[in-house]
Each structure stands twice: as structure tokens, then as C-alpha cells.
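Okay, thanks for coming, everyone. I'll put the sequence and the model up, and then we'll walk through a few spots together.

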Amino acid sequence: MATAPLFAIAVAAELAGMHPQTLRQYDRIGLVCPSRTAGKSRRYSMRDVAQLREVARLGTEGISLEGIKRILELENEVASLRGRVRQLESALADELLRRPGRRVFAAAEDGGVTPLRSGTRTSRRTELVIWRPDGLE
């Protein structure tokens with residue numbers, strides 16, 4: 001969601017369906033904290049407006065402002081952690097692509113699988129093996 005500070009308090013209040021004084025109160029208690037201009041005016045992003053709408057929805061369900069604040073903090077933390085997980089998954093995928101052949105296997109004499117360290121080869125065998133179907137000797 002867009003996090004660029006675009007809207008003055010009057011526009012954000014209208015988009016959220018609230019009175020501008022309510023937005024000021026929420027800012028004071030740390031519920032929704034907009035960005036500030038050099039002149040200290042509040043500027044709300046689309047994400048802030050969405051959070052204001054969520055505050056209104058949770059308030060109609062009877063949740064206190066402190067409860068709403070905690071819910072928003074947890075939702076923000078979850079969003080941040082999901083972003084971090086995506087970064088780590090991407091880094092892991094990149095690392096796996098840069099290191100092909102990290103798991104190398106060879107066939108064992110008994111037909112099983114033998115793991116090898118990366119960069120090593122099996123010893124070459126020079127014996128000749130003749131296979132004959134059963135009964136044709």
C-alpha cells in the first residue's frame with residue numbers, strides 16, 4: 001500500500017470518514033502517526049487512511065483505543081516480519097542458484113546412493129562387467 005505522505009488532515013479525515021479533530025487525537029495518543037512537513041503540518045498516506053478506517057471499524061466492534069493501538073502494532077509487526085521472510089527467501093533462492101551441485105550423489109556398488117562432497121569425484125573403475133539374462137550362460 002502507498003506510504004507516500006499525500007493528504008492534508010482535512011482530506012485524510014474526509015477519506016476516513018472522520019472529523020479532523022479525531023485524527024489529531026489519534027496522532028497524540030500514537031494510534032496513527034502521519035508524516036510531518038518542514039512546517040510541522042500532518043501529511044497522511046493511503047496506508048494511514050486505511051489504518052484510520054480500521055480504527056473506526058474496530059471501534060464499532062467495541063474495542064478500546066488501547067486495544068486498537070495494540071492490534072495495529074501487532075499487524076504492523078506481522079507485515080514487517082512477512083517482508084523480512086520474503087527477503088530471506090529471496091536471498092536463499094539466490095544463494096542456491098549461485099551454488100549448483102551442492103548435493104552430489106553417485107551410485108554405490110550395491111546399487112544404493114552414496115553422497116559425495118562437492119568438488120569430489122568417484123574413483124573410476126576399470127573392471128568389465130558382463131550382464132547375462134538368467135538361463136543364458
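Before I point at anything, one term: I'll say that two strands pair if DSSP finds at least two bridges between them. And keep in mind that this is a predicted model.

So, let's begin with the strands. S3 covers residues 104-107 and S4 covers residues 113-116, and they pair in the antiparallel sense over four bridges. If you want a spot to look at, find Ala 106, which sits opposite Thr 114 in S4. Together S3 and S4 make a hairpin, with five residues between them. In that turn you'll find Gly 111, with a positive phi of about 95°.

Now over to helix H1, residues 9-16. Which residues of H1 are buried? They're Ile 9, Ala 12, Ala 13 and Ala 16. Look down the axis of H1 and those buried residues fall within an arc of 100°, so they line one face of the helix. As a reminder, an α-helix has 3.6 residues a turn, so residues three or four places apart point the same way.

And what do the buried residues of H1 pack against? That would be helix H2 (20-29), strand S2 (42-43) and helix H3 (46-60). Right after H1 comes Gly 17, and its phi is positive too, near 75°.

Leu 15 is also in H1, but this one counts as partly exposed, because its relative accessibility is 33%. Leu 15 joins Leu 6, Val 11 and Met 46 in making a nonpolar surface patch of about 310 Å².

Next, a couple of lysines. Lys 40 is in the loop between strand S1 (35-36) and S2. Its phi is near 70°, so here's a positive value in a residue other than glycine. Is Lys 40 buried or exposed? Exposed: its relative accessibility is 62%, and the cut-off for exposed is over 50%.

The other one is Lys 69, which belongs to helix H4, residues 65-98. At 24% relative accessibility, Lys 69 counts as partly exposed. Leaving aside residues up to four places away in sequence, Lys 69 touches Ile 29, Gly 30 and Leu 31. And how far is Lys 69 from Met 18? Their C-alpha atoms are separated by 17 Å, with the two residues 51 apart along the chain.

That's my tour. Happy to rotate the model if anyone wants another look.

Note on methods:
Residues are numbered from 1 along each chain as its sequence is written. This is a predicted model: local features need pLDDT of at least 70, side-chain atom pairs count only at pLDDT 80 or more; totals for chains, interfaces and linings use all residues. Side-chain values use heavy atoms; hydrogens and water are left out. Buried means under 20% relative accessible area, exposed over 50%, partly exposed in between (1.4 Å probe, protein chains only). Helices (H or I, at least four residues) and strands (E, at least two) are DSSP runs, numbered from the N terminus. The arc is that of the directions from the helix axis to the C-beta atoms. Contact means heavy atoms within 4.5 Å. Patches are made of residues with over 30% relative accessible area and no salt bridge: like charges are joined within 9 Å, nonpolar side chains (Val, Leu, Ile, Met, Phe, Trp, Tyr) within 5 Å. Accessible areas come from the Shrake-Rupley method with a 1.4 Å probe; for residues, only the protein chains shown count as cover. A salt bridge is a side-chain nitrogen of Lys or Arg within 4 Å of a carboxyl oxygen of Asp or Glu.
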